[in-house]
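Me: Please take a close look at a single part of this model, and then show me step by step how that part fits into its surroundings. I am new to reading structures, so a slow and connected explanation would help.

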Amino acid sequence: MHIAEGYLPPEQAAAWFVVSAPFVVHGSRALVRQVRADPDSKLLLGAAGAFTFALSALKIPSVTGSSSHPTGTGLGAVLFRPPVMSVLGGIVLLFQALLLAHGGLSTLGANVFSMAIVGPWVAYGSYTMVRRVGGGLDPAVFAAATLGSLATYSVTVAQLALAFPDPMSGIVGALAKFGGIFAVTQIPLAISEGLLTVLVVRLLGRTSGDDLRRLGLLRPAAEVRA
Amino acid sequence: MFALDIAAHTGPWRTRHPAEKALLALGLLVCAVALPTWPSALLSGGAAAVLLAAARVPPVVVLRAARVPLLFVATSTVPLLVSMPAPARLAIDPAGLPVAVQTAGRSVAALTCLLLFTATTPLSDVLPRLHRLGIPPAVTEVAALTYRMLFLLVQSVRAVRQAQAGRLGFRTWRTTYRSLAGQAGAVFVRALHRARRLEEGLAVRGYTGSLAVQVAAHRVSVPFVAATTALLGAIVIASTGVVSPW
């Protein structure tokens, strides 16, 4: 759910740039270090960015009869880790604004915060937690994709509520109003994205096991046997 | 290819320096967002709409691109028209109408300015120049690689979707999800395969970590910049009510 160009008041739009900047700078430094240590990883990162963008071309059927696209933050965070996703997500959001007019330049800071920072961190945190308590790959991936998508939606709703508080009940009322209007599509979409991501990871486990092992999603074969 | 990118590559403003177009379109966007909405949204949005016509961007391209953001604007403007005096109770709020109109007006004007930039400026002209803004070259090169690969991958998604549709892959919910997973899987495999092929191709050409590309040289047009500055100045003066003493 991208906040459209110009929708946020200028002070709030600027504030979200300030909030997002440290995460993007940290991610950029991590990316520069990685590229310096291994120049070839630049190509993999470019492919990862293009893959994340291409996920937005998938059309998930919605319960309302329309269709929507997955955020891809859950899968991206699990495959490529949240710091790198803050930069890749930022690049993808910039491309979506400039190639598709989804989101915008003035609202880029707010969209980066919800989709490239909070979404990936919540997704990765959920994935790690489920794995640590002994959960399998499928439940961990489902939790990552669903909660990552829900976190993205919740932050966007909070951003809108902060920008436009209800005249009677303030920010709490605005949260209920914006949350209610978008929940119809976003909650089923988050569950759909969770199910879809599990299917994608299962499929990739069969067809690209070596790539998933290299990215740390599957354990090395020797470790599994041990 | 995306319709906006095609318009940018084939339009008469293709050969203009991207900085000129950025000054014009993004300057109008800043005016639309940062100045008091009335009259700046009307002036900036109106100027952007006239310039889209002057740049001969097909109206159908603009309208198609604007559909999704306008749907967001329409949906998220509804809560501004109602208030919540008590939990789970909604009432029409007459005072919300000016806020809703102002927000929608600002957003539509800013969107028109964004479309002026995207429909006249190819990303391939912008990306090699981003490092001049202080963005690390590693980040701009990753962005350029992403840009280079994403068209192939989006094309792959469409081709796989068409093939799956031909095999009744979207008949039921179960087959739809299986087909969607197939699309994402195919794109993932293709993206990594593409990266590996690029890696091998660059390695045999003596790749050292720098991906220098030739950037077409465009001269900055002084009359265009002067006219842009005059237009932006006029909008600022008209919107803030600042009248020159001369």
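Reply: Before two helices can be compared, each one needs an axis, which is a line fitted to its C-alpha atoms over the stretch in contact, and the angle between two such axes runs from 0 to 180 degrees between their N-to-C directions. Please keep in mind throughout that this is a predicted model.

The part to look at is a pair of helices in chain B, namely helix H2, which covers residues 18-34, and helix H9, which covers residues 222-240. Their axes lie 9 Å apart, and the angle at which the two helices pack is about 5 degrees. Because angles under 35 degrees count as roughly parallel, H2(B) is described as roughly parallel to H9(B). On the H2(B) side, the contact is made by Glu20(B), Leu23(B), Leu24(B), Gly27(B) and Cys31(B). The H9(B) side contributes Phe224(B), Val225(B), Thr228(B), Leu232(B), Ile235(B), Val236(B) and Ser239(B). When the residues of this contact are sorted by class, eight are nonpolar, three are polar and one is charged.

One residue of that contact, Gly27(B), leads on to another helix. Its C-alpha atom is separated by 10 Å from that of Ala48(B), and the two residues are 21 positions apart along the chain. Ala48(B) belongs to helix H3 of chain B, which runs over residues 37-54. Is Ala48(B) buried or exposed? A residue is called buried if 20 or more other C-beta atoms lie within 10 Å of its own, and Ala48(B), with 24 C-beta neighbours inside 10 Å, therefore counts as buried. Leaving aside residues up to four places away in sequence, Ala48(B) touches Ala25(B), Leu28(B), Thr112(B), Cys113(B) and Leu116(B). Helix H3 of chain B also holds Pro39(B), which is joined to Trp38(B) by a cis peptide bond with an omega of about 10 degrees.

Now step back to the whole of chain B. Its secondary structure consists of nine helices and two strands, and along the sequence these follow the pattern α-α-α-α-β-β-α-α-α-α-α. Chain B is divided into two domains, where domain 1 takes in residues 3-121 together with 218-240, and domain 2 takes in 134-203. The centres of these domains, taken over C-alpha atoms, are separated by 32 Å. The radius of gyration of chain B is 23 Å, whereas a compact globule of 246 residues would have one near 18 Å. Measured against the burial cut-off, 39% of the 246 residues of chain B count as buried.

Chain A makes a useful companion to this picture. It too has nine helices and two strands, although its elements run α-α-β-β-α-α-α-α-α-α-α from the N terminus on. Its radius of gyration is 18 Å, close to the 17 Å that the globule rule gives for 226 residues, so chain A is as compact as a globular protein of that length. Of those 226 residues, 58% count as buried.

The two chains also meet each other, in a contact that takes 61 residues from chain A and 67 residues from chain B. On the chain A side, at least two residues each are supplied by helix H1 (10-37), helix H2 (41-55), strand S1 (60-61), helix H4 (82-100) and helix H7 (170-207). The residues on that side divide into 43 nonpolar, twelve polar and six charged.

A residue of helix H4 of chain A, Ala97(A), gives a local view of how the chains touch. Ala97(A) counts as buried, because it has 24 C-beta neighbours inside 10 Å. Setting aside residues up to four places away in sequence, Ala97(A) touches His102(A), Gly103(A), Gly104(A), Leu105(A) and Leu108(A), and it also touches Leu114(B). In the loop between H4 and helix H5 (108-132) of chain A lies Ala101(A), which has a positive phi of about 65 degrees although it is not a glycine. Ala101(A) is buried, with 26 other C-beta atoms within 10 Å. Another loop, between helix H3 (73-80) and H4 of chain A, contains Arg81(A), whose phi is near 75 degrees, a positive value in a residue other than glycine. Arg81(A), however, is partly exposed, with 16 other C-beta atoms within 10 Å.

Definitions and conventions. Residues numbered from 1 in each chain as written. Chains lettered and ligands numbered in written order. Predicted model: local features only at pLDDT ≥ 70, side-chain atom pairs only at ≥ 80, totals over all residues. Helix = DSSP H or I, 4+ residues; strand = E, 2+ residues; numbered from the N terminus. Buried ≥ 20, exposed ≤ 12 C-beta atoms within 10 Å, placed from the backbone. Contact = placed C-beta atoms within 7 Å. Parallel < 35°, antiparallel > 145°, perpendicular 65-115°, else oblique. Nonpolar A, V, L, I, M, F, W, Y, C, P; charged D, E, K, R; others polar. Rg over C-alpha atoms; globule rule 2.2 N^0.38 Å. Domains from an automatic or database assignment.
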